[in-house]
Amino acid sequence: MTTLLNSLGASLGILAAGLIFAYANWTGQRDLAWRAALGVLGAVVFGGLLPFLLIELVPSLAAYDSRSAGRGAGLLLLLVVNIIGTLVAFLPWLIAGNWLSVLRRTR
C-alpha cells in the first residue's frame with residue numbers, strides 16, 4: 001500500500017511540477033516557473049527517499065521491547081511511520097498549491 005502511494009505520489013508530483021511550470025510560463029513569470037517546478041520536484045525526491053530512510057527503523061520498531069512502554073508500542077510506532085509515509089506522498093501537491101498562490105499574488 002505504501003509503495004503504491006509512493007509511486008502514485010511521485011507520478012502525480014511530477015505532473016504537479018509540470019502543471020505549475022506551464023501555468024507560470026503562461027502568465028509570463030518564467031523566473032518563478034523554474035523555481036516552483038524545482039521546489040515541487042524536490043518534494044518528490046524527498047518523498048521518494050523518505051521510505052528508504054525510514055526502512056532502517058522498521059527492524060528496531062518491530063523488535064521494540066513492549067514490556068517497558070506497554071503492549072503494542074512497537075506496532076503503534078510502525079503505524080505512525082506508515083501514516084507519515086502516506087502524508088509525505090501528498091507533499092508535492094501541497095507545495096504546488098503554495099506556489100500557485102504565490103504566482104497569483106505576483107501577477
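1. A good place to begin is Gln29, which counts as buried at 8% relative accessibility, because buried is the word for a relative accessible area under 20%. The model that gives this value is a predicted one, and that should be kept in mind through all the points below. Gln29 has its place in the loop between α1, which covers residues 2-26, and α2.

2. What does Gln29 touch, once its neighbours within four places in sequence are left aside? Its contacts are then Ala24, Leu103, Thr106 and Arg107. With Thr106 there is also a polar contact, in which the side chains of Gln29 and Thr106 are joined at 3.3 Å.

3. Leu103 leads from this loop residue to the core, for Leu103 touches Gln29 and also Ile20, Tyr23, Ala24 and Leu32, when residues up to four places away in sequence are not counted. The largest nonpolar core has twelve residues, and Leu103 is one of them, together with Ala16, Ala17, Ile20, Tyr23, Ala24, Leu32, Ala33, Ala36, Val40, Ala96 and Trp99. At least two residues of this core are supplied by each of α1, α2 and α6, the last of these being residues 91-105. Which helix gives the most to this core? That is α1, with five residues. As general background, nonpolar side chains in soluble globular proteins tend to be buried together.

4. Gly13, which is found in helix α1, deserves a paragraph of its own. Is Gly13 buried or exposed? At 0% relative accessibility Gly13 counts as buried, because the value is under 20%. Not counting residues up to four places away in sequence, Gly13 touches Val40, Val44, Pro92 and Trp93. The C-alpha atoms of Gly13 and Ala43 are separated by 7.9 Å, although the two residues are 30 residues apart along the chain.

5. Leu50 and Ile84 make a pair that a student may wish to find in the structure. Leu50 is found in helix α2, which covers residues 30-54, whereas Ile84 lies in helix α5, residues 73-89. Although they are 34 residues apart along the chain, their C-alpha atoms are separated by 9.5 Å. Leu50 touches both Ile84 and Val88, with residues up to four places away in sequence not counted.

6. The two members of this pair fall into separate classes of exposure. Leu50 counts as buried, at 12% relative accessibility, while Ile84 is partly exposed, with a relative accessible area of 41%. The label for Ile84 follows because partly exposed covers the range between under 20% and over 50%.

7. Ile84 also belongs to a nonpolar surface patch of about 550 Å², which is made by Leu76, Leu79, Val80, Ile83, Ile84 and Leu87. For the protein chain as a whole, the accessible surface comes to about 7100 Å², and 71% of this belongs to carbon and sulfur atoms.

8. Some totals complete the note. The secondary structure of the protein chain comes to six helices and zero strands, and along the sequence the pattern reads α-α-α-α-α-α. What share of the 107 residues in the protein chain is buried? Buried residues make up 29% of them. Of the contacts between residues at least 6 apart in sequence, 74% join residues at least 24 apart, and the contact of Leu50 with Ile84, which are 34 residues apart along the chain, may serve as an example to look up.

Notes
Residues are numbered from 1 along each chain as its sequence is written. This is a predicted model: local features need pLDDT of at least 70, side-chain atom pairs count only at pLDDT 80 or more; totals for chains, interfaces and linings use all residues. Side-chain values use heavy atoms; hydrogens and water are left out. Patches are made of residues with over 30% relative accessible area and no salt bridge: like charges are joined within 9 Å, nonpolar side chains (Val, Leu, Ile, Met, Phe, Trp, Tyr) within 5 Å. Accessible areas come from the Shrake-Rupley method with a 1.4 Å probe; for residues, only the protein chains shown count as cover. A salt bridge is a side-chain nitrogen of Lys or Arg within 4 Å of a carboxyl oxygen of Asp or Glu. Helices (H or I, at least four residues) and strands (E, at least two) are DSSP runs, numbered from the N terminus. Buried means under 20% relative accessible area, exposed over 50%, partly exposed in between (1.4 Å probe, protein chains only). Contact means heavy atoms within 4.5 Å. A polar contact is a pair of N or O atoms within 3.5 Å; within protein, one must be able to donate a hydrogen and the other to accept it, and residues adjacent in sequence count only if both atoms are side-chain atoms. A nonpolar core is a set of buried Ala, Val, Leu, Ile, Met, Phe, Trp, Tyr and Cys residues joined through side-chain atoms within 4.5 Å.
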